[in-house]
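Hi everyone, thanks for making room for me this week. Have a look at what's on the screen, and I'll talk you through it.

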Amino acid sequence: MTHQKINIEFEEYDSIDQLTNEDASLLREAIKATDIAYAPYSHFHVGATALLANGKTISGSNQENASYPVGLCAERVLLSAASSVYPGVPITTMAISYRPENGKSNRPISPCGVCRQTLVEYETLLKHPIRLILGGIEGKIWIIPQAGSLLPFGFSGEDLK
Ligand code: THU
């Protein structure tokens, strides 16, 4: 028997002012993208903006459905859009923010399990880590160097071989 341990590294910032200009502007775009969320059922608006290796940015937001499970998270909307508009171009950074209609947005949220699985799929496909910037409209911000670190022991295409 050996005892194994997995560590996750991330950076914590006190506010958006401490980020580089590029990271701050991506997070601001993600906050702006909460305005294009379609969230009439949860009233929880999520926005995400990605920077691609070609220098382009693209945003996504959550898109809900009267049949609740059909709804899509902002992260997966964004990943599908990026892969459709700029196929094969690595996604280098994704900023994610949120704005509840009734409630605060003063701490980071991190992607749900399905989105983590999808982020890893695109990291693998595009052979590039996706750096995550997680922050509310105010409050602390977390930067995670590689989305895959949020999904230890994940299932992958390798397992299907
Ligand atoms: N949601 C996201 O878009 N991203 C997340 O990381 C967490 C949850 C959405 C799904 C649903 O539309 C609403 O937030 C409430 O769960």
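One bit of vocabulary before we start: a residue is called buried when its relative accessible area is under 20%, exposed when that is over 50%, and partly exposed in between. Please also keep in mind that this is a predicted model.

Okay, let's try the vocabulary on a tyrosine. Y41 has a relative accessible area of 35%, so we call it partly exposed. Y68 comes out at 59%, and that makes it exposed. These two form an aromatic pair of the tilted kind, with 5.6 Å from centre to centre and 40° between the planes. Where do Y41 and Y68 lie? Y41 is in the loop between α1, residues 21-33, and β2, while Y68 is in the loop between β3, residues 57-61, and α2, so the pair ties together parts that are 27 residues apart in sequence.

Next up, F44 and Y98. Their ring centres are 5.4 Å apart and the planes sit at 20°, so this pair is stacked. F44 belongs to strand β2 and Y98 to strand β4, so here the pair ties together parts that are 54 residues apart in sequence. As for accessibility, F44 is partly exposed at 31%, whereas Y98 is buried at 4%. Overall, the count of aromatic pairs comes to three.

While we're in that first loop: P40 also lies between α1 and β2, and at 33% relative accessibility P40 is partly exposed. If you go from P40 to P87, you move 47 residues along the chain, and their C-alpha atoms are separated by 31 Å.

Now for the inside. As a general point, nonpolar side chains in soluble globular proteins tend to be buried together. In our model, the largest nonpolar core has 24 residues, and those with the most contacts inside it are L79, I91, M94, I96, L119, I130 and L132. Which elements each supply at least two residues of this core? They are β2 (44-52), α2 (74-85), β4 (91-100), α3 (113-126) and β5 (131-135). Take L79 as an example: leaving out residues up to four places away in sequence, L79 touches I91, M94, T118, L119, Y122 and I130. Apart from the largest core there's another one, of 11 residues, including A24, L26, A30 and I141.

On to the cysteines. How many disulfides does the structure hold? Zero. Let's see why. For a disulfide, the two sulfur atoms have to be within 2.5 Å. The closest cysteine sulfur to the one in C73 is in C115, at 3.8 Å, so that's too far for a bond. For C115, the closest cysteine sulfur is in C112, also 3.8 Å away, so again there's no bond. C115 is buried, with a relative accessible area of 0%, but C73 is partly exposed at 24%.

Last stop, the ligand. Which residues surround the ligand? Some we've already met: F44 and C73 are there, together with S42, V46, N62, E64, A74, E75, S110, P111 and C112. Three of these side chains deserve a closer look. In N62, a polar side-chain atom lies 3.0 Å from an oxygen atom of the ligand. The side chain of E64 has an N or O atom 2.5 Å from a ligand oxygen. And for E75, the distance from a side-chain N or O atom to an oxygen atom of the ligand is 2.6 Å.

That's my tour, so over to you for questions!

Methods:
Residues are numbered from 1 along each chain as its sequence is written. This is a predicted model: local features need pLDDT of at least 70, side-chain atom pairs count only at pLDDT 80 or more; totals for chains, interfaces and linings use all residues. Side-chain values use heavy atoms; hydrogens and water are left out. Buried means under 20% relative accessible area, exposed over 50%, partly exposed in between (1.4 Å probe, protein chains only). A nonpolar core is a set of buried Ala, Val, Leu, Ile, Met, Phe, Trp, Tyr and Cys residues joined through side-chain atoms within 4.5 Å. Helices (H or I, at least four residues) and strands (E, at least two) are DSSP runs, numbered from the N terminus. Contact means heavy atoms within 4.5 Å. Rings of Phe, Tyr and Trp (its six-membered ring) pair if their centres lie within 6.5 Å; planes under 30 degrees apart count as stacked, over 60 as edge-to-face and the rest as tilted. A residue is near a molecule or strand if one of its heavy atoms lies within 4 Å of it. A polar contact is a pair of N or O atoms within 3.5 Å; within protein, one must be able to donate a hydrogen and the other to accept it, and residues adjacent in sequence count only if both atoms are side-chain atoms.
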